[in-house]
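Got the structure open in your viewer? Let's take a walk through it, one selection at a time.

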Protein chains: 2
Amino acid sequence: MNEMTVAAAQGCIVDAVRQLGSESVALQRALGRVLAEEVQANRDQPPYDVSAMDGFALRSADVANAPAVLEVIEDIKAGEMPRNTLAAGQCARIMTGAPVPAGADAVIRVEDTQALADSRVQIKCSVKPGNDIRVRGESMSDGATVLKCGSEITPGVVGLLAMVKRAAVQVYRQPSVAILSTGDELEGLDEPFDANKIPDANSYALMAQVQALGIEPVLLGIARDQPEALRAALQQGLQHDVLLVSGGTSVGVHDYVRPTLEALGVQMKFWGVAMKPGHPMTFGVAPLTWVFGLPGNPVSSMVCFEQFVLPALRCIMGHRRLYRRTVTARLAHQIKHRPGRSEFIRVTLDRDADGYIAISTGAQGSGMLSSMAQADGLLVVAAGSEGLAANSSVTVQLLEGTAFQAHHGMP
Amino acid sequence: MNEMTVAAAQGCIVDAVRQLGSESVALQRALGRVLAEEVQANRDQPPYDVSAMDGFALRSADVANAPAVLEVIEDIKAGEMPRNTLAAGQCARIMTGAPVPAGADAVIRVEDTQALADSRVQIKCSVKPGNDIRVRGESMSDGATVLKCGSEITPGVVGLLAMVKRAAVQVYRQPSVAILSTGDELEGLDEPFDANKIPDANSYALMAQVQALGIEPVLLGIARDQPEALRAALQQGLQHDVLLVSGGTSVGVHDYVRPTLEALGVQMKFWGVAMKPGHPMTFGVAPLTWVFGLPGNPVSSMVCFEQFVLPALRCIMGHRRLYRRTVTARLAHQIKHRPGRSEFIRVTLDRDADGYIAISTGAQGSGMLSSMAQADGLLVVAAGSEGLAANSSVTVQLLEGTAFQAHHGMP
């Protein structure tokens, strides 16, 4: 097989994965999940005509020639039902959210009134019928669909679910995700220092990328370069819905990962993607498991996760927005590029009156994990590009942490 | 006190809060936290000159007039040390990440070679000295600072921490956050249906907003409108670092929240912000607790959380990016506005070749929690604005869920 384009590889993956059924979760655990049911209102909301303001419920005809003085016959609090019907010349003191009494057709806010005595108030201006009244069922009417299946559960959705008294909801099941690093050169986080080895950063960087999507992965540790050990570790990984294997997928003679996966019944969909970093990326499908072979280099592995594993996991979780948000930025400096492979350049983003400015984090060697730690985004250089000039308009994928900014940005 | 501007209220809050010391967390629990220490490299990385490619380590002078045939004297895997020194005319088969043998000054990738026999290979092109070699210490040199105090722990940072073998790191402590709803009209999520009451959506919407920042809040439930019950609930809330009270902060005669807070030693910094929705917003400081009084209406409460509580919590957690990311969008339709208060309009965002398009979610009544559930962002209308024309350029704060998009967006 030849190297696929990034978009073709993404398409292949998204076509191969699917949702895993649904489960019920408590509202307290629902944030970030995706609704696997349609949700209906269970009552009219508000349950009766209520005041939208602290003020006075009155008959608008009585104040048509305001100012006017009215008799205050009652105080109505939220959660209480009015006891009286308003007659001409009467009004009721009313709180926000409290029921509008019979006879009243409008509310005037307290700021537009002047108390004269306990039972007398001057109304300073006229109001139209319906003023500052929220009518019964205005927010939602009993039985109406308030949330569609497939809605992402944001804080606003959690509030709405509480409003319709849903203490638990049906959401798409999360995949179980296993992470395996491979390579004799790796030193585990809890292994003693060995000057000749390289710490296993991949397991933890991938762990954090999975955690950022709301899933707690299982770390299988490091499989050494012996066929039996590797086979056992991969078999363990194939008990999960998704298996991420980093290292061992390139074309070197010592790489056992691909043949071992194939021997274990994984049908490889592609190996090799026309991208830099990350071209040894592979993807395969087993009876129970979607298997991603990621490059051994941590930067390459993280870039491949962003392009391929992230949309797959979000698709499995039932999301419709599968990809990182992209923004258009102005390039601060030229970038050289030889046509052939898509390239992903780690950049920080600045901002001026004209919008975003993308600045390379510096050396882009695939060993430079610090550049990934500093980056706000990944600038995407199209495969066919012959290089980008300074000030040209570029596409940047926003990485974790960019949902916030230092300045409030108020106009 | 007069109503403050939104920016002045934000400034008041950010000046009043501070970090709460630091604690050690395992790397597995560090994502999203902020480093409270500087982190140094504990070794050179890579620990020796290594190959950046699968290929052959060779002497560049031997292939200056390529093609050239070289003798293969050794196979070097990652994690193994070379046994031999290359002499003229010799090369070693080498894996990505494996140490470059003495005598070699370059690596050529396997694609640019042709195996002739087990111990003979044809090198198709010449290479410069240093080609595809990552030199010792290139990624990080022993003792160098790799992460500054105050860095947000993103997946890239987690990878870098694993690379320097940090199984635990010092991070700023998270605040404990308590949430209290107030009002006789409220029906708790686990209370039976009462057609005359309004479900308590605020507790859960605020819970989810806090959870989205990585903090698990404590729900104190609903305090009824009796001074003693309210006082007891507020006292309980004042055991936490941050207390969010929704409802009971407006100017109505039945609102006991403010006087009770003051009686409990809370020094009010402001009440009333020139904004819509949300003007009854208050903020106060107790000896142990920062107290936010949020409007009783769920939409208003959520909008106030975004403007005031979110930057406060992020500041306490040690973040430097305190505010929601804003984007510039084109307005799809006119928006009426009377000068006086800043207004926050719930919008969805579309996109075309010219950038974002902001579209109101429809009725903006503060009872419309569904509009908050649908919204991608909050369009900010400046206090002094006399209305916004269709197609004008507007500022939109991006809400939760907008870090992702439906299309891959590749150029």
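Start by selecting chain A: of its 411 residues, 53% are buried. Keep in mind as you look around that this is a predicted model. Zoom out until the whole chain fits on screen. The C-alpha trace of chain A spans about 95 × 50 × 40 Å along its principal axes. Its radius of gyration is 31 Å, whereas a compact globule of 411 residues would come in near 22 Å.

Now switch to a cartoon view. Chain A holds seven helices and 28 strands. If you turn on contacts between residues at least 6 apart in sequence, 70% of those in chain A join residues at least 24 apart.

Next, colour chain A by domain. Domain 1 takes 6-20 + 175-316, domain 2 takes 22-45 + 141-172, domain 3 is 50-134, and domain 4 is 326-398. Draw a line from the C-alpha centre of domain 1 to that of domain 2, both in chain A, and you'll cover 34 Å.

Time for some backbone details. Which bond joins A:Gln45 and A:Pro46? Select the pair and you'll find a cis peptide bond, with omega about -5 degrees. A:Pro46 sits in the loop between strand 2 (39-40) and strand 3 (50-51) of chain A. Then hop over to A:Ala66 and A:Pro67, which are also joined by a cis peptide bond, with omega about 5 degrees. Look for A:Pro67 in the loop between strand 4 (55-58) and strand 5 (68-76) of chain A.

Move on to A:Asp132, in the loop between strand 9 (120-123) and strand 10 (133-134) of chain A. Its phi is positive, about 50 degrees, although A:Asp132 is not a glycine. Buried or exposed, what is A:Asp132? It counts as buried, because 20 other C-beta atoms lie within 10 Å.

Another stop of this kind is A:Lys165, in the loop between helix 2 (155-163) and strand 12 (168-172) of chain A. Here phi is near 60 degrees, a positive value in a residue other than glycine. A:Lys165 is buried too, with 20 other C-beta atoms within 10 Å.

Finally, bring chain B into view. The contact takes 97 residues from chain A and 97 residues from chain B. On the chain B side, helix 2 (residues 155-163) gives the most, with eight residues. Colour that side by residue type and you get 49 nonpolar, 29 polar and 19 charged.

For the last selection, pick strand 28 (residues 404-405) of chain A and strand 22 (residues 323-324) of chain B: they pair in the antiparallel sense over two bridges. There, A:Phe404 stands opposite B:Arg324.

Terms used. Residues are numbered from 1 along each chain as its sequence is written. Chains are lettered from A and ligands numbered from 1 in the order in which they are written. This is a predicted model: local features need pLDDT of at least 70, side-chain atom pairs count only at pLDDT 80 or more; totals for chains, interfaces and linings use all residues. Two residues are in contact if their C-beta atoms, placed from the backbone, lie within 7 Å. Helices (H or I, at least four residues) and strands (E, at least two) are DSSP runs, numbered from the N terminus. Ala, Val, Leu, Ile, Met, Phe, Trp, Tyr, Cys and Pro count as nonpolar, Asp, Glu, Lys and Arg as charged, and the others, Gly among them, as polar. Two strands pair if DSSP finds at least two bridges between them. Domain bounds come from an automatic or database domain assignment. The radius of gyration is taken over C-alpha atoms; the globule rule is 2.2 Å times the number of residues to the power 0.38. A residue is buried if 20 or more other C-beta atoms lie within 10 Å of its own, exposed if 12 or fewer, and partly exposed in between; C-beta atoms are placed from the backbone.
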